[in-house]
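Me: I would like to go through the charged side-chain contacts of this model and ask, for each label, what it rests on.

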Amino acid sequence: MINNRAYAIIPPPPLKFTLDEWHLNNRHRYRCSEAQQELADRLLTESQRVCELSTERAKGNKEETDHRLKEKLEDIEFRKKELLRIRKEVLLETDALLTYKERIMDALSSVRRNALVICEKCLMFREHRLGIDLVRDDVERELLKECEVIKGAENLLVRTLEQTQEQIRRLKATLYYMDHDLEDKENNLRIDKRNLSLKETSLNLSIYHGVSRLDASTIELNEWEMQTNENIVAASKEINSARPMRCYIDTIIKQAIDDLNEQKNATDGAFKRRIEETKEAKTKLELQHSEIMRQANEMTQNVTRIEKAIAEKECYLALSHTRLGNRCQRPGLELTRDLVETQLVKEVYELREVVSKLQATMFEAQASLRYLLKTQIQIEEDINIKTNTLKIDEVDCMTLRQSMDYHAY
């Protein structure tokens, strides 16, 4: 039973310290407490100083950043104003060149659809002249020259139009780059104005914990400035190229219109001279026709008169022949060559000669009449030819040419 009992464990008695150890421990605790208090005081002072310095630095950095933002905004605003100013000039120059382009196109349309078509129609009309009037005259030469002048003016206006379109394209390209730059600057202004309005107490502030760099800018400041300067310089260059072009276009249009008007006046003058010449020839032919008709009538009457005279003389000749025939029936010695027979024989010979002369005269008169009638027909044909020519030149061509109007659009 004794073996089965649990033994009770009795702790050893506590260690006893000496009085010196007690005083020593108190002094150690006191010194440690004072050391910790001094350290805490120093930490409090240092913490307050660090907090004040960090606050001052943070405020200073924010003020410096705000100042830089304001400077940047002012810089952007200045460059934006410069871009807007030069953009306005580009727009004005583009609009002016578009107006000049319309002027060139109007002049070109007038030359293509009006002048050249009219000249070609006049040449085609004049191909319907008849007979001797189908001649290569001054009018035809001037019309052909006018066609060449019109084609030359057309080519000149086409080249000028192409140059104008190219200059407009370059201005619009410059405008595109400036608009793109302005859009970027507007976005930059919006972002930096938003940044300038933010404060440390603003809502929706966050600290970035990602691994990518926040300062992802790769464009240097001089590159940024150079881009805007290049846009402004390029726009100024295109404006300086466009302004002289407007003067050049004015000169080209005036030169083309002056050349066209000069040639038109020359062609119209040739037409007027040719019309007057044709009218004069037609008048002379009409006078000749009247004279020919008068002479033909007189020659017809003359032929009738000669025929009547021949008939009368043939009656006398028949009378003489009859008398001679009757006297050949005289009997015996009565058939003598007396004065009567001699006179009758003489009368017969003279009448034959007279009739022969009258017949020859009649043949000449009839030939002359035939020539006069032929000449009359030829003159009538010539008058009809001149009438047709006058209709073509004075009515068809000149009426059509009245619609030709050259002016500096």
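Me: Where do Arg85 and Glu89 lie, and how many residues apart are they?

Reply: Arg85 and Glu89 both lie in helix H1 (residues 19-126), 4 residues apart, which is about one turn of the helix; helices here are DSSP runs of H or I with at least four residues, numbered from the N terminus. This is a predicted model, in which local features need pLDDT of at least 70 and side-chain atom pairs count only at pLDDT 80 or more, while totals for chains, interfaces and linings use all residues. Residues are numbered from 1 along each chain as its sequence is written, and side-chain values use heavy atoms, with hydrogens and water left out.

Me: Why is the contact of Arg85 and Glu89 called a salt bridge?

Reply: The term requires a side-chain nitrogen of Lys or Arg within 4 Å of a carboxyl oxygen of Asp or Glu; the N to O distance here is 3.2 Å, so the pair qualifies.

Me: What makes Arg85 partly exposed?

Reply: Its relative accessible area is 40%, and partly exposed covers the range between buried (under 20%) and exposed (over 50%), with a 1.4 Å probe and protein chains only, so Arg85 belongs there.

Me: Why is Lys386 counted as buried, and what does its salt bridge with Asp133 tie together?

Reply: Lys386 has 10% relative accessibility and therefore counts as buried, as does Asp133 at 4%. Their side chains meet at 3.1 Å, N to O; because Lys386 lies in helix H4 (residues 339-401) and Asp133 in the loop between H1 and helix H2 (138-197), the pair ties together parts 253 residues apart in sequence.

Terms used. Helices (H or I, at least four residues) and strands (E, at least two) are DSSP runs, numbered from the N terminus.
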